[in-house]
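The following note sets out points for discussion on the structure shown below. It takes up the pocket, the aromatic pairs, the charges over rings and one loop residue.

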Amino acid sequence: MGPAMLSDADLFGIVDAAGYHYTTDDRRAGAADSATYLPYTKLATGDNKYGQDKEVWYSEGTASFGYTDYRVNNNEGPNGASTGIGGVQSALDVANRLVKSYANSKRTHYIFQPAIGSFYEGAQYSHKELVSARDPWSGYLHYDAALYVLQQFTQFAKTGWENDTNTAGIWRTVPEASYSGVSGTENVDGSNGAPSYMTLADPAKRDFSTVVVNDSDQTKTYRIVAENLRLGSDPTMEVWETRAADAGQRYDANFKHLVDEIRPDGDGYYAYTVKPRSITTLTTLDKSADDSTDQRLPKSGARTVLDADASGKRADTRDAYLYADDFAYDEEGKVRVGKTFQPYLASRGNQPRYMVDQTGAWEVGGDGVLYQYMDQSMKDTAAWNKNSPNTTVGDFRWENYKASVDVSFPDPDGGLAALGVRQQKGMAISDAAYNLRIGPDGAWTFYEYGTVVKQGTVAAADGYRLAVEAKGAQVTAFLDGKAVATYDDPTPETEGRVKLGSGFQKTGFDNLKVERIDGYTPYAAAQMDNMDSAVSYEGTWSRKASFGDAMDWYRSTSTSTTAGASFTVPFRGTGIDVIGGNDASAVLDVYVDGALVARNAKTTATDKRLATYALRGLPNGRHEVRFVLKSGKLVLDALNTVSGHDVHGTVDTAPIRRALTDVGSLEQGGYTDDSWPVFAQARAAAKAAEGGQKGLDTVGVGQLVGRLRAAYDQLTLTEDAAQ
């Protein structure tokens, strides 16, 4: 586009701005005076045959990847040190992109893709935003520290759009005092310690600010001289800095804070030494008394699980529902839009509540039914996501539940309707771990992901009620209230959202319900990232944040292949899941509150975001769990914890009593000091739970029995007893 605009006067005349992305640099092809050599610089500066300048934008810029809160705990720096708020794809990387894309291609506008992440995690490109707003039911918002980094530019200059007469006072960039030598053109890397700085100046020449980015592990001293400016009688510069906290400080202690005031030396130079892994703004503005400059970003509130009443609107942890939607929204009332009030659906373009379309056109019709409208004409259009239409709803922490929905087929060409459960990631209906699909001819198929579990046929009809119930490792599919397939998954996916799907025909969905299952924990109460400061590590771990996979939570993982390496997690509840993409080679010893509860525990081969090991059946309360790697490789992505307050209905503890009877009343006498304590602990835990205990569910019963039998089988006789 740049060379075309420089070569075509008509095109140049009608285009106001040119944008391109995924590189900070300009094009360099052909002779220096050709349209293909530095075309965007020539557009931006007016150094072209038209003598006019155009806006040049970075049209699809990324924010920091993951959460800066977590990535500060990486060990990717020299000798295993943290890179703080820096490193590739970090908040400082974003700052370097701004500087380098201006220095090398004169771009003055950076468009975030996205600035706000408001789609469910696990879809494409999650965790690359400035603000995360993914749970409208909880109001949870996360403001990333990258916002402080951006404020190091925007709060020390007047930025924005200039008016037609150039009198709005918007500050100008100063190309002679802007430069970047950091490596890379997309994911830029400042670890080489090269200079990287941008200068902005008041058009009246009374003030200026120089923003310095140092994403290296070295200190860097800058000297600045102000020429052709009118700074007045007080040339003092304030120095504002953002970097990671020092040891013992709160996380945001060093974010956008005033660290110094400096004056020019006898030669007229300001000098300042910039700390490693920081962004520093040196400004002649007096911002020290400005409350807005010192203002902190809002703190994140509780990220509560979606557990609503039968209307789907109000939180209710006591009833039988996790969520419901009849798509009529009588309970919502009218919504204020500007100075008017509109019906709920009209105010949102007939979009259903809490749903995220992955493919297709999903809207609520005038009859209060959710329809997927995309037809056969859109089937083979080479769309970005080449999947059949599907939409997702719910909470990634949902575990044991029954989802059901009415489906109908108003399209004369027929169609397909699908219902899936326990979806964690992906953009297709087959990314729901267990899904049931049916057409108007009555032919149905039950899948684990995209693999057929069972098929059958019922009578042809204009509509059906589909249901899928997932409890522990057992999943059952229902048609019109009748169970048609039950699957006991040897390696189950245990958590995730609900999906609806269709073919490329108009298809109806109504009366969606997501219900608890008596005797089972409905959801995990909380999640901790592997780089959460609450998780402590011992031994050798690679704690990776740069170039992280979008399918890993917050694009970070901690990995070890060293026997004896361990991590410790404090939590409140009755159980915890170890989440991560693993190959089943890891063997663990598991300690709870200092006691060994599982020796040589096996892990499961799992895809990303799934549990490779689950611990259940603990007494409800505070615990500290330590996982020790005995052998193999363990990838830790996140940890989900289970609360003891959420189990409804009765729990059958007869399996515990049978297991206690089977192991009998052994005494320690003839068993080794190595094997006996594990058995004694497992037996005591089983005895404490045999009459029921708060928070114990059916999965916990199974695990208590499993740990008791495993400990019994691992009992080893002493040499004397064996003779």
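1. By class, the residues lining the largest pocket comprise 16 nonpolar, eleven polar and ten charged residues. The model is a predicted one, and the remarks in this note should be read accordingly.

2. The space in this largest pocket amounts to about 1500 Å³. Its lining is made up of 37 residues, and those nearest the centre of the pocket are E55, T108, H109, G160 and T173. Two or more lining residues come from each of the helices and strands α3 (39-45), β2 (55-61), α5 (91-105), β3 (109-112), α6 (146-154), β7 (172-173) and β9 (196-201).

3. The count of aromatic pairs comes to 32. In one of them, Y120 and W137, the ring centres are 6.4 Å apart and the planes meet at 40 degrees; an angle that is neither under 30 nor over 60 degrees counts as tilted, so this pair is tilted. The two residues belong to distant parts of the chain, 17 residues apart: Y120 is in the loop between β4 (116-117) and β5 (131-135), and W137 is in the loop between β5 and β6 (140-143). Y120 and W137 are both buried.

4. A further tilted pair is formed by Y323 and Y354, with 5.5 Å from centre to centre and 35 degrees between the planes. This pair also links distant parts of the chain, 31 residues apart, with Y323 in strand β16 (residues 321-325) and Y354 in the loop between α8 (344-347) and β19 (355-359). Y323 is buried, as is Y354.

5. One aromatic cluster consists of Y67, Y70, F396, W553 and Y554. W553 also has a charge over its ring: the charged end of R609 is 4.1 Å from the ring centre. An arrangement of this kind is found at Y20, where R107 lies over the ring face at 3.9 Å from the centre.

6. Is N48, in the loop between α3 and β2, buried or exposed? Its relative accessible area is 15%, and the limit for a buried residue is under 20%, so N48 is buried. Leaving aside residues up to four places away in sequence, N48 touches L6, F12, K42 and L43. L6 is 42 residues from N48 along the chain, yet their C-alpha atoms are separated by 7.2 Å.

Key:
Residues numbered from 1 in each chain as written. Predicted model: local features only at pLDDT ≥ 70, side-chain atom pairs only at ≥ 80, totals over all residues. Heavy atoms only, no water. 1 Å grid on protein atoms, 1.4 Å probe; cavity = no way out; pocket = protein on both sides within 12 Å on 5 of 7 lines; lining within 4 Å. Points joined across faces, edges and corners; volume = space filled by probe spheres on them. Helix = DSSP H or I, 4+ residues; strand = E, 2+ residues; numbered from the N terminus. Nonpolar A, V, L, I, M, F, W, Y, C, P; charged D, E, K, R; others polar. Phe/Tyr/Trp six-rings, centres within 6.5 Å; stacked < 30°, edge-to-face > 60°. Buried < 20%, exposed > 50% of the residue type's maximum accessible area, 1.4 Å probe, protein only. Lys NZ or Arg CZ within 6 Å of the ring centre and 35° of its normal. Contact = heavy atoms within 4.5 Å.
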